[in-house]
Amino acid sequence: RRAAEEAKRIKEEAKKAFFKERDALEAEERRRGFFLGADEKYYLRALSTKDPRTTPADLRVDFPLLAQDFSLPELFDPSTFFSSVLRVTSPGLRLWTHYDVMDNALAQVSGTKRVVLFAPHDADNLYMVGDKSKVTDIDNPDLGRFPLFRHATPFECTLLPGDVLFIPALWFHNVLAQDFSVAVNV
């Protein structure tokens, strides 16, 4: 009897996994062609549905149906999260090199992203203005204008769906969407 119950449970889990994968593939197919052209660039960053000037974005409040399908590994106490921002980007869109004053977890939901990190001690090599680098093309930098950039040490990774990257406070990061991308930044 116990073996039969276990077999039934395994069958139900497999069925759930199949339908979840099927639904994900169907959603991927539905969004193809949604935007007008292959060279079109867009970057959608969710703002709070309350007062965006004073209230941080919160996936649980702003997108409650999406939030039901999103969770982070239990590495941190969720009550300590400052915000959770939904980000949707077109293929080829690059978010400039910048830093944040709080630790971040970048969770890739759909698509892939290339992330390049630089340690805080590279600030002079990155030609910072406020929290943003003047070096806009880190792959082909103008070394005539930015000669110190050659001394910056990049740390690179590719985020796939389901990956989570911890970005410590004050670490510089540059993000390139390699295809249509959905992510949540906590």
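**A loop leucine, two cores and a pocket**

The place of Leu170 is in the loop between S9 and S10, that is, between the strand covering 164-167 and the strand covering 172-177. In this predicted model, Leu170 has a positive phi of about 75° although it is not a glycine. As background, most residues other than glycine have a negative phi. With a relative accessible area of 43%, Leu170 is partly exposed, because buried means under 20% and exposed means over 50%. Tyr127 is also a non-glycine residue with a positive phi, here of about 55°. The loop that holds Tyr127 runs between helix H4 (123-126) and strand S6 (128-129).

To place these loops in context, a view of the whole chain is helpful. Four helices and eleven strands make up its list of elements. The chain has 186 residues, of which 33% count as buried. Among contacts with a separation of 6 or more, 83% are between residues 24 or more positions apart. The exposed area of the chain is about 12,300 Å², and 58% of it is supplied by carbon and sulfur atoms.

Moving to the interior, the largest nonpolar core has 13 residues. Leu59, Leu72, Leu86, Val88, Phe180, Val182 and Val184 are the members with the most contacts inside this core. Strands S2, S4 and S11 (181-185) each supply at least two of its residues. Apart from this core lies another, of ten residues, including Phe118, Leu126, Ile138 and Phe146. Leu59 offers a closer look at the largest core: leaving aside neighbours within four places in sequence, Leu59 is in contact with Pro64, Ala67, Phe70, Ser84, Leu86 and Val184.

Two buried residues in strands show how distant parts of the sequence come together. The first to consider is Thr89, which lies in strand S2. Thr89 is buried, since its relative accessible area is 5% and buried means under 20%. Beyond neighbours within four places in sequence, the contacts of Thr89 are Tyr42, Tyr43, Lys113, Ala177, Asp179, Phe180 and Ser181. Thr89 and Ala183 are 94 residues apart in sequence, while their C-alpha atoms are 8.7 Å apart in space.

The other residue is Asn174, found in strand S10. Asn174 counts as buried because its relative accessibility is 1%, under the 20% cut-off. Neighbours within four places in sequence aside, Asn174 is in contact with Arg94, Leu95, Trp96, Thr97, Arg114, Val115, Val116 and Ile138. The last of these, Ile138, is 36 residues from Asn174 in sequence and 8.3 Å away in space, C-alpha to C-alpha. Ile138 has already appeared above as one of the residues of the ten-residue core.

Finally, there is a pocket to explore. The second largest pocket has a volume of about 850 Å³. Of the 41 residues that line this pocket, Ser83, Arg87, Asp100, Asn104 and Asn185 are the closest to its centre. Several strands contribute to the lining: S1 (43-45), S2 (85-89), S3 (94-98), S4 (104-110), S9 (164-167) and S10 (172-177) each supply at least two residues. By residue class, the lining divides into 23 nonpolar, ten polar and eight charged residues. Strands S2 and S4 thus appear among the contributors to the pocket lining, and each also supplies at least two residues of the largest nonpolar core.

Terms used:
Residues numbered from 1 in each chain as written. Predicted model: local features only at pLDDT ≥ 70, side-chain atom pairs only at ≥ 80, totals over all residues. Heavy atoms only, no water. 1 Å grid on protein atoms, 1.4 Å probe; cavity = no way out; pocket = protein on both sides within 12 Å on 5 of 7 lines; lining within 4 Å. Points joined across faces, edges and corners; volume = space filled by probe spheres on them. Nonpolar A, V, L, I, M, F, W, Y, C, P; charged D, E, K, R; others polar. Core = buried A, V, L, I, M, F, W, Y, C linked by side-chain atoms within 4.5 Å. Buried < 20%, exposed > 50% of the residue type's maximum accessible area, 1.4 Å probe, protein only. Contact = heavy atoms within 4.5 Å. Areas by Shrake-Rupley, 256 points an atom, 1.4 Å probe, with all protein chains shown as cover.
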